[in-house]
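User: I'm new to reading protein structures and would like to go through one step by step. Can we take it one question at a time?

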Amino acid sequence: MAVGLFGGAFDPPHDGHVALAHAAKEHFGLPKLIVLVAEAPGHKDVELPAGLRLELARAAFPDDDVRLDPHARTIDLLRDEDFVDPIFLIGADQFVDFLTWKEPEDVLELTRLGVATRPGFDHGLLDTVLRNLSRPDRVEFFDIEPNPAASREIRARIALGEPLVGLVPPAVERLIQEQGLYRGD
């Protein structure tokens with residue numbers, strides 16, 4: 001049985017992340033989803049320490065296996081762990097940059113990619129990446145509804161004291177408020 005892998009900084013996790021995970025579970029019939037919170041992401045800076053982001057991710061994904069990922073790059077995770085028939089889930093915007101990942105061809109040898117696309121996304125960009133892969137058969141697209149949530153904008157809203165309704169799961173919002181996260185003071 002396939003296992004879904006969904007990695008990210010989750011700084012903070014938002015409704016778009018949750019929607020992608022839900023759609024992937026349905027599309028691929030995943031009995032198990034492992035949410036991997038990047039301890040030190042190799043591709044971006046984070047505001048909160050890994051332990052707090054892990055706590056937020058557990059609140060956002062209460063029914064899933066949420067773990068801290070000590071690897072900076074996906075290929076290192078896949079080489080160090082023994083996942084059975086993994087499907088690594090990413091958004092279309094991340095797939096556009098897939099060829100810049102560390103050893104993308106080796107990533108595709110160790111996992112299939114489940115790529116979430118949304119209405120209006122330029123599929124020409126996706127096709128360009130596919131044409132440059134030796135194993136495009138290891139990539140499968142699935143649809144998700146558009147979601148306006150983005151971690152950067154959410155952090156900015158929190159710093160301004162603006163509401164987060166419809167942007168993050170209620171349990172995540174509660175933790176952010178209780179712990180005074182992302183206030184910028």
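User: Which helix is Thr128 found in?

Analyst: Before we start, keep in mind that this is a predicted model. Look along the chain for the helix that covers residues 123-131. Thr128 falls within that run, and the helix is H6.

User: Is Thr128 buried, partly exposed or exposed?

Analyst: The cut-offs are under 20% for buried and over 50% for exposed, with partly exposed in between. Thr128 has a relative accessibility of 37%, so Thr128 counts as partly exposed.

User: How far apart in space are Thr128 and Ile144?

Analyst: Along the sequence, Thr128 and Ile144 are 16 residues apart. For the distance in space, go from C-alpha to C-alpha, and you get 21 Å.

User: Let's zoom out. In what order do the helices and strands run?

Analyst: The chain's secondary structure comes to eight helices and six strands. Start at the N terminus and write down each element as you meet it, and you get β-α-β-α-β-α-β-α-α-β-α-β-α-α.

User: Why is the chain called as compact as a globular protein of its length?

Analyst: We compare the radius of gyration with what the globule rule gives for 185 residues, which is 16 Å. The chain is close to that value, so it is as compact as a globular protein of that length, with a radius of gyration of 16 Å.

User: What percentage of the contacts is between residues 24 or more positions apart?

Analyst: Picture the C-alpha atoms in a box of roughly 50 × 35 × 30 Å along the principal axes. Inside the chain, 48% of the 185 residues count as buried. Now take the contacts with a separation of 6 or more: the share from residues 24 or more positions apart is 79%.

User: Which element gives the most to the lining of the largest pocket?

Analyst: The largest pocket has a volume of about 1,400 Å³. Of the 45 residues lining this pocket, His17, His43, Lys44, Asp93 and Gln94 are the closest to its centre. Several elements supply at least two lining residues each, among them S1, H1, S2 and H7. The one that gives the most, with four residues, is H7.

User: How many charged residues does that lining have?

Analyst: Sort the lining of the largest pocket by class. There are 18 nonpolar and 14 polar residues, and the number of charged ones is 13.

User: At what angle do H2 and H8 pack?

Analyst: H2 covers residues 50-60 and H8 covers residues 170-179. Their axes are 8 Å apart, and the angle is about 145°.

User: How many nonpolar residues are in the contact of H2 with H8?

Analyst: H2 brings Leu52, Glu55, Leu56, Ala59 and Ala60, while H8 brings Ala171, Val172, Leu175, Ile176 and Gln179. By class, one residue of this contact is polar and one is charged, and the number of nonpolar ones is eight.

User: What covers the buried residues of H2?

Analyst: The buried residues of H2 are Ala50, Arg53, Leu54, Leu56, Ala57, Ala59 and Ala60. What covers them includes H1, S2, S3 and H8.

User: Where does Phe10 lie?

Analyst: Phe10 has a positive phi of about 50°, although it isn't a glycine. With a relative accessible area of 3%, Phe10 is buried. Pro12 lies in the loop between S1 and H1, and the peptide bond leading to Pro12 from Asp11 is cis, with omega near 0°. As for Phe10, its place is the loop between S1 and H1.

User: Is Glu103 buried, partly exposed or exposed?

Analyst: Glu103 also has a positive phi of about 50° without being a glycine. You'll find Glu103 in the loop between H4 and H5. Its relative accessible area is 31%, so Glu103 is partly exposed.

User: What is the relative accessible area of Val115?

Analyst: Val115 lies in strand S5. Leaving out residues up to four places away in sequence, Val115 touches several others, including Ile90, Phe95, Val139 and Phe142. Val115 is buried, and its relative accessible area is 0%.

User: How far apart are the C-alpha atoms of Arg183 and Pro31?

Analyst: Arg183 is found in the segment after H8 and counts as partly exposed at 42% relative accessibility. Along the chain, Arg183 and Pro31 are 152 residues apart, and the separation of their C-alpha atoms is 37 Å.

Conventions
Residues numbered from 1 in each chain as written. Predicted model: local features only at pLDDT ≥ 70, side-chain atom pairs only at ≥ 80, totals over all residues. Heavy atoms only, no water. 1 Å grid on protein atoms, 1.4 Å probe; cavity = no way out; pocket = protein on both sides within 12 Å on 5 of 7 lines; lining within 4 Å. Points joined across faces, edges and corners; volume = space filled by probe spheres on them. Nonpolar A, V, L, I, M, F, W, Y, C, P; charged D, E, K, R; others polar. Axes fitted to C-alpha atoms, helices over the stretch in contact; angles between N-to-C directions. Contact = heavy atoms within 4.5 Å. Rg over C-alpha atoms; globule rule 2.2 N^0.38 Å. Buried < 20%, exposed > 50% of the residue type's maximum accessible area, 1.4 Å probe, protein only.
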